[in-house]
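Subject: Handover of a structure and the findings on it

Dear colleague,

Please find below the structure that I am handing over to you. My notes on it follow directly after.

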Amino acid sequence: MSLAEYIQTVRAVLESLPPPEIVTMTGSFESLRTRIERQLREITNNRSWIMPGFNGFMVLDASIYCDEFQELARGPHGLPWAVWKAIGITHLIHFAMTVYFRGTQRECKVEQWQNMGELVLEAIYSAYCPNTCFFKPQECVICTQPLFHEVTTTCGHTFHTSCLERWMLEDVTCPLCRYEL
């Protein structure tokens, strides 16, 4: 199987995975990591490789990603789905290319990649994340982008920190109610 065919097959498998219907929030992250490592060894024929995992949503600022990412994050499946589509699949494709180039696996075993994709999806969906991940977030009225990491003013309105800082260079009142900040 050529590299192009291998990667196309892996991508098709990963792209076909639906968002999880049930999100397990009580499972042990160590148990999930062990299952991912077991699947990794299966794909790499028991060679020990380190695959970077998902580090959580706390460092993720959706405002720095492309318009397509932001649109996915605002969609019905929210931020976890955007992370899967934009980051999770990309990392797994990169890993698949590495597996292919190192000669560990030249024939694509669809079930192995499907299992790996499902485990990574579970890791993304069960990671600690801001409350806005599971519903359509509010938008910053200054830039109209989703509020994932916001600051609340003394008058109770929320904005992106950077947007409010830029606003405050021109005006020291709240952009919504004109309360003097």
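A residue is called buried when its relative accessible area is under 20%, exposed when that area is over 50%, and partly exposed in between. Please keep in mind throughout that this is a predicted model.

Surface patch

By that rule Met 168, with a relative accessibility of 31%, counts as partly exposed. Met 168 belongs to helix 6, which covers residues 161-170. Together with Val 172, Tyr 179 and Leu 181, Met 168 makes up a nonpolar patch on the surface. The accessible area of these four residues together is about 330 Å².

Salt bridges

How many salt bridges does the model contain? With a side-chain nitrogen of Lys or Arg required to lie within 4 Å of a carboxyl oxygen of Asp or Glu, the count comes to four. As a general point, side chains of opposite charge can pair when their charged atoms come close. Three of the pairs are described here, one after another.

The pair of Lys 85 and Glu 15 has its closest N and O atoms 2.7 Å apart. Lys 85 is part of helix 4 (residues 78-101) and Glu 15 is part of helix 1 (residues 3-16), so this salt bridge ties together parts that are 70 residues apart in sequence. Lys 85 is partly exposed, at 23% relative accessibility, and Glu 15 is partly exposed as well, at 34%.

Glu 122 and Arg 35 also form a salt bridge, in which the closest N and O atoms are 2.6 Å apart. Because Glu 122 sits in helix 5 (residues 110-126) and Arg 35 in helix 2 (residues 29-43), the pair links parts that are 87 residues apart in sequence. The relative accessible area is 25% for Glu 122, which is therefore partly exposed. Arg 35 is likewise partly exposed, with a value of 29%.

In the salt bridge between Arg 178 and Asp 171, the closest N and O atoms lie 3.8 Å apart. Arg 178 has a relative accessible area of 46% and is partly exposed. Asp 171, at 28% relative accessibility, also counts as partly exposed.

Lastly, which residues are joined into one network by salt bridges that share partners? They are Arg 11, Glu 15 and Lys 85.

With kind regards

Notes
Residues numbered from 1 in each chain as written. Predicted model: local features only at pLDDT ≥ 70, side-chain atom pairs only at ≥ 80, totals over all residues. Heavy atoms only, no water. Patch = residues over 30% accessible without salt bridge, like charges linked within 9 Å, V, L, I, M, F, W, Y side chains within 5 Å. Areas by Shrake-Rupley, 256 points an atom, 1.4 Å probe, with all protein chains shown as cover. Helix = DSSP H or I, 4+ residues; strand = E, 2+ residues; numbered from the N terminus. Buried < 20%, exposed > 50% of the residue type's maximum accessible area, 1.4 Å probe, protein only.
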